Amino acid sequence: MIKRIFPVAYSILLLISAIPLDCLGGSLVTQGIYYPNNSDIFELRTTVIAEETIDLARWLTIDAECKLTGLLSNREDAPGTGNIIIDKAYIHIHFSYFDARFGYLKETWGKLDQISPVDILNPIDIASVFFESEKTKVKLPILMSMVSIYFSDSFTLELSVIPFFEKSVYDEMDEESSPFNVASLPLPVEEQLPAKTIGNIEFGTGLYFTLNKTDCSLYYFHGFQDFPSYLVEGSLPPTKIFAQYPPIQMIGLDFETVIDRWGIRGECSFIIGEGYQRKETIDYVEANSITSGIGIDTRYGDSYFDTSLLYRKIFAEENIEEKKDEISITANVEKRIAYDTVEVDLIGIYNIFSGSIHGKARLGVSPFDNFWISLAIGVFDSESGDFIGRLRNNEFYYIKFAYSF
Amino acid sequence: MIPEYRKTVILVLFCFTLSVVVVPAQITGLWVAQKIDERSKGKDNAEIMEMTLIDSKGRERSRSLSIIRKEFDGLDKLLLRFDYPNDIKGVSFLVWERRGEDNERFLYLPALGRIRRIATGEKDENFAGTDFSYEDISGPKLEDYHYDLVDDVVVHDSAECYLLASFPKELDRRFTKILSWVRKDNFFVIKAEYYNKMDRLEKTFSASQITLINDIWTALEISMENHKTRHKTISYIVEVNYNIGIPADSFEKNALERPQFFK
């Protein structure tokens with residue numbers, strides 16, 4: 001990742017956007033975001049993605065995607081920055097009974113639509129959770145090898161190895177001043193990332209099977225927590241805070257079936273060793289948690305509706321900042337009008353115990369093929385200190401122009 | 001050498017035998033529907049299709065699709081992938097036909113990053129913003145309808161046709177009656193009218209440029225017009241090949257994520 005390279009990155013980005021686009025595939029997206037309650041911040045995010053798939057043989061493909069992002073904002077400490085990342089670059093070997101991918105990958109676990117408790121392989125970009133409707137754009141690519149063995153069409157074993165840990169970020173630009181950086185801390189932070197050793201290699205396995213038209217999966221993951229837990233150590237008064245990524249294990253399962261017009265999907269994850277911040281001190285405890293969810297979805301005409309109910313319990317005896325029991329409801333309504341040239345999306349997340357709520361409404365219009373204009377508003381309302389509560393000042397409006405070439 | 005009169009007798013007897021064996025004493029709607037269903041589509045086929053979507057103001061949009069189909073023990077599996085427009089490129093749809101039960105349907109959305117089992121109740125819904133429904137794309141199931149033969153001699157586009165009425169067995173279907181003009185010589189549906197619950201004509205299907213390709217009757221151009229929205233979708237087959245030995249693994253769920261169909 002190359003940081004602080006604006007205006008060079010921005011110039012490259014504009015240059016690329018100006019070249020004839022019929023020679024490569026990808027997209028050009030420009031998004032203006034306004035946060036009225038957060039110091040009147042305005043951001044202009046522009047992304048160019050260039051992608052190429054090369055089929056070398058029936059069994060061998062190279063897939064590559066490069067992403068160049070520029071950010072302009074009126075934040076005093078970060079007026080402009082840029083990123084160049086390999087968003088996807090892998091070799092794909094695929095046979096009837098065997099499939100292997102090596103390189104920078106984004107992989108999805110889980111079946112639920114909005115919040116997927118078992119989907120923990122890739123780190124994520126929190127800001128994208130609110131700005132992107134595509135789940136894969138929320139994930140950050142990581143170096144991974146993934147091998148799938150198809151014993152039959154209804155029984156697959158998958159093995160994943162992630163040699164180097166990558167953390168999740170509050171914003172793709174990883175700006176301290178990002179509106180989504182909810183970890184505002186009183187002292188300088190020293191990152192203590194897991195060392196790049198053989199012992200710290202992350203790995204996971206998935207077992208997929210189908211029973212009577214119900215697709216089920218079992219998962220196991222051994223790795224590290226994607227977001228840091230914070231603590232102060234050493235002499236008093238403390239001079240810095242350490243950001244640590246505790247080792248975790250996850251056992252998960254999911255299922256998906258359809259009954260007439262309804263899709264029914266469910267997930268459960270049991271995470272061992274996650275870090276939870278103690279109340280009133282900068283320290284954390286390691287505890288286990290279980291999160292399970294069930295969702296239904298249906299389509300009537302051009303309308304799609306899905307909702308899910310999620311329950312999380314943290315098995316911690318100490319006083320921690322997060323609520324030990326949480327029930328959340330998510331709902332999503334999508335309406336497509338005029339032969340898919342106009343889209344209206346409404347998304348809501350409501351935490352029953354804390355009363356936190358996030359809602360987003362988006363209107364998308366496609367005046368011609370491959371081009372979309374989107375307008376959206378996102379609101380956060382909460383009195384609690386949970387994740388949504390920490391974003392309560394981040395009400396946003398955005399306009400986005402997206403062209404796929 | 002067989003004398004000429006004996007040839008004639010053999011021919012007459014052969015035709016008589018055929019008429020006894022193939023054509024029932026009384027032609028029924030079900031018989032015509034069965035003949036449509038039995039019409040040879042080949043063991044497999046691969047095609048590239050382009051669609052033009054025309055709205056009520058005459059504005060056009062395009063879709064481009066690759067489709068492969070293969071028969072497994074008399075039941076079809078079909079995989080379809082969008083190649084254009086670019087914002088839906090890679091969206092793929094897989095159908096496994098099932099006997100006596102609902103077909104299984106799977107959708108792969110690159111944006112979602114996973115294969116999703118989708119409800120069969122969506123069969124009447126518009127497919128990817130076109131005027132065709134999911135059922136039009138994957139093909140109706142014979143046992144899902146009751147059939148009546150409305151007329152056994154109608155002429156459409158200079159072709160002698162059966163006029164077949166199909167009524168869905170399920171009550172909550174979007175169309176309660178479909179009238180189909182079925183060519184007598186090859187049992188090809190060259191026109192169909194879809195009537196809604198108010199018994200009003202809502203959509204009209206038509207097939208043209210019906211040609212023999214690899215000994216299989218193929219409509220190179222089909223269209224579906226929605227009279228309610230005055231929107232029309234015209235679909236052209238750019239390339240089609242039959243009986244080319246598409247590997248069976250091209251129709252497995254994991255094939256939805258693969259970058260190419262087969263080579």
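## Lining of the largest cavity

The residues lining the largest cavity comprise nine nonpolar, ten polar and twelve charged ones. This description refers to a predicted model. The cavity in question has a volume of about 580 Å³, and a search of the whole structure finds eight cavities of 30 Å³ or more.

Its lining consists of 31 residues, and those closest to the centre are Thr156(A), Glu158(A), Tyr208(A), Ile115(B) and Glu257(B). Both chains also contribute at the level of secondary structure. From chain A, strand 5 (98–105), strand 6 (142–152), strand 7 (155–162), strand 9 (202–211), strand 10 (214–224) and strand 13 (247–259) each supply at least two lining residues. From chain B, strand 6 (114–118) likewise gives at least two residues to the lining.

## Contact between the chains

Chain A and chain B bury about 3900 Å² between them, with 40% of that area on carbon and sulfur atoms. Arg58(A), Lys213(A) and Tyr339(A) account for 22% of the area that chain A buries against chain B, which is more than any other three residues supply. The contact involves 45 residues of chain A and 49 residues of chain B.

Ten salt bridges are counted between chain A and chain B. One salt bridge pairs the side chains of Arg114(B) and Glu256(A), with an N to O distance of 3.1 Å. The count of residue pairs in polar contact between the two chains is 33, with both residues at pLDDT 80 or more.

On the side of chain A that touches chain B, two or more residues come from each of strand 2 (41–57), strand 4 (80–94), helix 3 (135–138), strand 13, strand 14 (262–277), strand 15 (284–300) and strand 19 (357–368). By class, this side of chain A holds twelve nonpolar, 15 polar and 18 charged residues. Strand 13 of chain A thus appears both here and in the lining of the largest cavity.

## Backbone features in loops

Tyr339(A), one of the three residues named above for buried area, has a phi near 55°, a positive value in a residue other than glycine. Tyr339(A) is located in the loop between strand 17 (325–337) and strand 18 (342–351) of chain A.

In chain B, the peptide bond joining Tyr84(B) and Pro85(B) is cis, with omega about 5°. Pro85(B) belongs to the loop that lies between strand 3 (75–84) and strand 4 (92–96) of chain B.

Conventions:
Residues are numbered from 1 along each chain as its sequence is written. Chains are lettered from A and ligands numbered from 1 in the order in which they are written. This is a predicted model: local features need pLDDT of at least 70, side-chain atom pairs count only at pLDDT 80 or more; totals for chains, interfaces and linings use all residues. Side-chain values use heavy atoms; hydrogens and water are left out. On a 1 Å grid over the protein atoms alone, a cavity is a set of points where a 1.4 Å probe fits but cannot get out, and a pocket is an open set with protein on both sides within 12 Å along at least five of seven lines; lining residues have an atom within 4 Å of a point. Grid points are joined across faces, edges and corners, and a volume is the space filled by probe spheres set on the points. Helices (H or I, at least four residues) and strands (E, at least two) are DSSP runs, numbered from the N terminus. Ala, Val, Leu, Ile, Met, Phe, Trp, Tyr, Cys and Pro count as nonpolar, Asp, Glu, Lys and Arg as charged, and the others, Gly among them, as polar. Contact means heavy atoms within 4.5 Å. Buried area is the accessible area (1.4 Å probe) that two parts lose on being put together, summed over both. A salt bridge is a side-chain nitrogen of Lys or Arg within 4 Å of a carboxyl oxygen of Asp or Glu. A polar contact is a pair of N or O atoms within 3.5 Å; within protein, one must be able to donate a hydrogen and the other to accept it, and residues adjacent in sequence count only if both atoms are side-chain atoms.
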